[in-house]
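Colleague: I've just opened this one and know nothing about it. Can you walk me through it?

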Amino acid sequence: MEGGCLCGSIRYRLTGKPFAADYCHCSNCRKQSGSVVVAWMDFKSEQVEWLSAKPSYYQSSEHVERGFCSQCGSTLTFGDSRYKEFTTLTIASLDDANLVKPTYHIHTKDQVSWLTIKDNCKRYLQSVSD
Ligand SMILES: [Zn+2]
Ligand SMILES: [Zn+2]
């Protein structure tokens with residue numbers, strides 16, 4: 001699978017399948033993406049190959065860095081400095097976003113009130129570990 005940002009200056013190739021995929025309703029994802037929910041997919045970092053430029057990063061909390069394109073602003077990655085072996089990417093940045101389907105929701109306590117979701121995916125009030 002391949003993907004990249006809107007302007008095309010950042011491109012990536014994935015050499016495996018994600019080990020997890022989720023919808024995040026947290027307020028940081030919402031603000032940073034400009035979208036009420038963000039669909040994420042989790043990879044081992046060695047499965048993510050940057051083909052040209054790399055993302056720029058914004059540190060949104062003590063351990064979290066969010067990667068984006070400094071040209072067009074596309075939201076691309078989420079990384080936790082405590083777990084550098086994992087890289088999380090936006091499903092929407094795939095060239096074909098149909099290829100990965102999230103299977104659970106996190107931070108549902110922050111879900112916007114008018115957003116109705118009817119699926120059978122498991123829902124976590126905060127993160128999976130909380
Ligand atoms: Zn771009
Ligand atoms: Zn989030």
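Colleague: What share of the 130 residues is buried?

Modeller: Buried residues come to 29% of the 130 in the chain. Bear in mind that this is a predicted model.

Colleague: And how many helices and strands does the chain have?

Modeller: One helix and eleven strands. In sequence order the pattern reads β-β-β-α-β-β-β-β-β-β-β-β. The radius of gyration is 14 Å, close to the 14 Å from the globule rule for 130 residues, so the chain is as compact as a globular protein of that length.

Colleague: What box do the C-alpha atoms fill?

Modeller: Roughly 40 × 30 × 25 Å, along the principal axes.

Colleague: What about contacts between residues 24 or more positions apart?

Modeller: They account for 54% of the chain's contacts with a separation of 6 or more.

Colleague: OK, sheets. In what order do the eight strands of the open sheet run?

Modeller: The order is 6-7-8-9-4-3-10-11, and the pairing is mixed. Strand 6 (56–59) and strand 11 (122–123) are the edge strands, each pairing on one side only.

Colleague: Strand 4 sits inside that order. How does strand 4 pair with strand 3?

Modeller: Antiparallel, over five bridges. Tyr23 stands opposite Ala39 of strand 4 there. Strand 4 also pairs with strand 9, again antiparallel and over five bridges. In that pairing, Phe43 has Thr87 of strand 9 as its bridge partner.

Colleague: Is strand 4 mostly covered or mostly open?

Modeller: Mostly covered: five of its seven residues are buried.

Colleague: Which strand does strand 8 join through two bridges?

Modeller: Strand 9 (residues 86–90), and the two run antiparallel. Phe78 has Thr88 in strand 9 as its bridge partner.

Colleague: Now the largest nonpolar core. Which of its 18 residues touch the most other members?

Modeller: Cys24, Val38, Ala39, Trp40, Met41, Cys69 and Leu76. Strand 3 (20–24), strand 4 (38–44) and strand 8 (75–80) each supply at least two residues of this core. The largest share is from strand 4, with five residues. As a general point, nonpolar side chains tend to be buried together in soluble globular proteins.

Colleague: Pick Val38. Which residues is Val38 in contact with, beyond four places in sequence?

Modeller: Cys24, Cys29, Ser33, Thr75 and Thr90.

Colleague: Let's switch to the other sheet. In what order do its three strands run?

Modeller: The order is 1-2-5, in an open sheet with antiparallel pairing. Strand 1 (2–4) and strand 5 (48–50) are at the edges with a single partner strand each, so one side of each has no neighbour in the sheet. On average, neighbouring strands here are turned by 25 degrees against each other, direction ignored.

Colleague: How many bridges pair strand 1 and strand 2?

Modeller: Three, in the antiparallel sense, with strand 2 covering residues 11–14. Gly3 stands opposite Tyr12 of strand 2.

Colleague: Does anything from the loops touch Gly3? I mean, which residues does Asp95 touch?

Modeller: Asp95 touches Glu2 and Gly3, leaving out residues up to four places away in sequence. Asp95 is placed in the loop between strand 9 and strand 10. Asp95 and Glu2 are 93 residues apart along the chain, yet their C-alpha atoms are separated by 6.1 Å.

Colleague: Is Asp95 buried or exposed?

Modeller: Exposed, because Asp95 has 10 C-beta neighbours inside 10 Å.

Colleague: And Ile91, buried or exposed?

Modeller: Ile91 is buried, because 21 other C-beta atoms lie within 10 Å. Ile91 is also placed in the loop between strand 9 and strand 10. Leaving out residues up to four places away in sequence, Ile91 touches Ala21, Ala39, Trp40, Met41, Ala97, Val100 and Pro102. Its C-alpha is 8.2 Å from that of Lys101, ten residues apart in sequence.

Colleague: Last one. What is the phi of His107?

Modeller: Positive, about 55 degrees, although His107 is not a glycine. Most residues other than glycine have a negative phi. His107 is placed in the loop between strand 10 (104–106) and strand 11. His107 counts as buried because it has 22 C-beta neighbours inside 10 Å.

Terms used: Residues numbered from 1 in each chain as written. Chains lettered and ligands numbered in written order. Predicted model: local features only at pLDDT ≥ 70, side-chain atom pairs only at ≥ 80, totals over all residues. Pairing = 2+ DSSP bridges. Helix = DSSP H or I, 4+ residues; strand = E, 2+ residues; numbered from the N terminus. Axes fitted to C-alpha atoms, helices over the stretch in contact; angles between N-to-C directions. Core = buried A, V, L, I, M, F, W, Y, C linked by C-beta atoms within 7 Å. Buried ≥ 20, exposed ≤ 12 C-beta atoms within 10 Å, placed from the backbone. Contact = placed C-beta atoms within 7 Å. Rg over C-alpha atoms; globule rule 2.2 N^0.38 Å.
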